[in-house]
Amino acid sequence: MLHDRILVDPDDEAGERRSTGGILIPATVQMGRRLAWAKVLATGSSVRTVKLGDRVLFDPAERAEVELRGKTYLLLRERDVHAVAAERLQDGSTGLYL
């Protein structure tokens, strides 16, 4: 990976979902701007806040798909990541990590 690029494996979301009230939402329903989670597989040399194995939150509209060995991955820029779900927190953290 070069510069600020991040290669991620998107979480497999089931086509059908259930609302908190128990209503079944079919896969064909278009949602508004819904963010998605993915696991970081590789990072470029300029990436500073994301580490391998982190789960990142991103906008699926701002992505590029890449197929490697028959599996589809996503290529993002570090600036397109909205949040990082990680257990590591440092003293004086800015709240970047969920």
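This passage walks through the fold of the protein chain and then turns to one lysine, K71.

The model is a predicted one, and its chain is an all-strand affair: there are zero helices and eight strands. Read from the N terminus, the elements simply go β-β-β-β-β-β-β-β. Of the 98 residues in the chain, 24% count as buried. The surface that the chain exposes comes to about 7,100 Å², and carbon and sulfur atoms supply 50% of that area. Contacts across the sequence are well represented too: taking contacts with a separation of 6 or more, 57% are between residues 24 or more positions apart.

Six of the strands come together in an open sheet, and the order across it is β6-β7-β1-β4-β5-β8, with antiparallel pairing. At the edges sit β6 (64–68) and β8 (81–85), each of which pairs on one side only. Neighbouring strands in this sheet are turned against each other by 45° on average, direction ignored.

Within the sheet, β1 (residues 5–10) and β4 (residues 36–43) run antiparallel and are joined by five bridges. One spot to look for along this pairing is P10, which stands opposite A38 in β4.

On to K71, which belongs to strand β7 (residues 71–77); in the sheet order, β7 sits between β6 and β1. Is K71 buried, exposed or partly exposed? With a relative accessible area of 35%, K71 is partly exposed, because that value falls between the 20% below which a residue counts as buried and the 50% above which a residue counts as exposed.

Setting aside neighbours within four places in sequence, K71 is in contact with D9 and V66. V66 falls in the range of the edge strand β6 (64–68), while D9 falls in that of β1 (residues 5–10). K71 and D9 are 62 residues apart in sequence, yet their C-alpha atoms are 9.2 Å apart in space.

The side chain of K71 also has a ring for company. Its charged end sits over the ring of Y73, 5.6 Å from the ring centre. As for rings pairing with one another, the structure holds zero aromatic pairs.

Definitions and conventions
Residues are numbered from 1 along each chain as its sequence is written. This is a predicted model: local features need pLDDT of at least 70, side-chain atom pairs count only at pLDDT 80 or more; totals for chains, interfaces and linings use all residues. Side-chain values use heavy atoms; hydrogens and water are left out. Two strands pair if DSSP finds at least two bridges between them. Helices (H or I, at least four residues) and strands (E, at least two) are DSSP runs, numbered from the N terminus. Axes are lines fitted to C-alpha atoms, for helices over the stretch in contact, and angles run from 0 to 180 degrees between N-to-C directions. Buried means under 20% relative accessible area, exposed over 50%, partly exposed in between (1.4 Å probe, protein chains only). Contact means heavy atoms within 4.5 Å. Accessible areas come from the Shrake-Rupley method with a 1.4 Å probe; for residues, only the protein chains shown count as cover. Rings of Phe, Tyr and Trp (its six-membered ring) pair if their centres lie within 6.5 Å; planes under 30 degrees apart count as stacked, over 60 as edge-to-face and the rest as tilted. A charge sits over a ring if NZ of Lys or CZ of Arg is within 6 Å of the ring centre and within 35 degrees of the ring normal.
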